[in-house]
Every structure is written in structure tokens, then in C-alpha cells.
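Reader: Could you zoom in on a single part of this one for me and walk me through what packs where? I'd like the cut-offs spelled out as you go.

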Amino acid sequence: MGRRVRIGAPIAAVLLIVAGVALMLVVAGTESFGWFAYAPLAEGTMTGGGSLLLLTGLDQLGLALAGLGLLLLTFWSGYQTGRRRRS
């Protein structure tokens, strides 16, 4: 493996991770979402508990970029470890 690949692969992986996280944080905006539920036997008000998470297309892209960067960094680390043990 050439020197450019040995140095460039982890740098590219870290850049992908940073770009993915930045895309998820910077573009994070408020989305309006409404729903109605009918609870016939409930005596109180029914709430969702705030556990609903909606991901926009840009959030999904950021998550994919960060995941690809982590995958590349993991592959590179394993390759370097195996290469050191061979010699």
C-alpha cells in the first residue's frame, strides 16, 4: 500500500465523520409534526412522551457519511494491525 493511501485513508475517514456530524448538527431545524390519537378508556390526557424522533433527508445523509467514515477508519485500523503482525 502506498504512502498516500496509508496517510490519506484515515484523514478521509475523519473528514467523513466530521462532515456527517456537522451536517446533522448544522442543518438540525424544527419540523412540525402533528398527530391525533383516541384513547377511549383513558381518563387523562394522552401524551407521546417526547420519544418520537424524525430524521430529515439531510440527517440521514449525515448519519450515512459518519457511518461510512467509521467503517473506513475501522477497516484501515484492522489492516494496519494485520500488516504489523505479519512483519
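Author: Sure, let's take helix H1, which covers residues 3-26. H1 has 24 residues and spans 34 Å from its first C-alpha to its last, close to the 34 Å expected at 1.5 Å a residue; that expected span is 1.5 Å times one less than the number of residues. Helices here are DSSP runs of H or I with at least four residues, strands are E runs of at least two, and both are numbered from the N terminus.

Before going on, a word on the source: this is a predicted model, where local features need pLDDT of at least 70, side-chain atom pairs count only at pLDDT 80 or more, and totals for chains, interfaces and linings use all residues. Residues are numbered from 1 along each chain as its sequence is written, and side-chain values use heavy atoms, with hydrogens and water left out.

For context, the protein chain holds two helices and zero strands. Of its 87 residues, 11% count as buried; buried means under 20% relative accessible area, exposed means over 50%, and partly exposed is in between (1.4 Å probe, protein chains only). The accessible surface comes to about 7,200 Å², and 65% of that belongs to carbon and sulfur atoms. These areas come from Shrake-Rupley with a 1.4 Å probe, and for residues only the protein chains shown count as cover.

Back to H1. Its buried residues are Ala-9, Pro-10, Ala-13, Ile-17 and Gly-20. As a reminder, an α-helix has 3.6 residues a turn, so residues three or four places apart point the same way.

Now pick up the partner helix, H2, at residues 57-86. Ala-66 lies in H2 and counts as buried, at 9% relative accessibility. Leaving out residues up to four places away in sequence, Ala-66 touches Leu-16, Ile-17 and Gly-20, where a contact means heavy atoms within 4.5 Å. Two of those, Ile-17 and Gly-20, are on the buried list of H1. Ala-66 is also 7.2 Å from Ala-19, C-alpha to C-alpha, with their positions 47 residues apart in sequence.

You can follow the pairing of distant positions elsewhere too. Leu-61, in H2, is partly exposed at 43%, and its C-alpha is 9.9 Å from that of Val-21, 40 residues apart along the chain. Leu-25 sits in H1 and is exposed, with a relative accessible area of 64%; Leu-25 and Asp-59 are 8.4 Å apart, C-alpha to C-alpha, and 34 residues apart in sequence. Then there's Ile-11 of H1, which is 8.8 Å from Leu-73 by C-alpha, though 62 residues away in sequence. Chain-wide, 87% of the contacts with a separation of 6 or more are between residues 24 or more positions apart.

Ile-11 also has a role in the outer surface. Ile-7, Ile-11 and Leu-15 form a nonpolar patch with about 280 Å² of accessible area together. Patch members need over 30% relative accessible area and no salt bridge; like charges are joined within 9 Å, and nonpolar side chains (Val, Leu, Ile, Met, Phe, Trp, Tyr) within 5 Å. A salt bridge puts a side-chain nitrogen of Lys or Arg within 4 Å of a carboxyl oxygen of Asp or Glu. Ile-7, also in H1, is partly exposed at 41%, while Ile-11 is partly exposed at 47%.

One last item, over on H2: the structure holds one aromatic pair. Phe-75 and Tyr-79 are stacked, at 6.4 Å centre to centre with 25 degrees between the planes. Rings of Phe, Tyr and Trp (its six-membered ring) pair if their centres lie within 6.5 Å; planes under 30 degrees apart are stacked, over 60 edge-to-face, the rest tilted. The two are four residues apart in H2, so about one helical turn separates them. Phe-75 is exposed at 56%, and Tyr-79 partly exposed at 28%.
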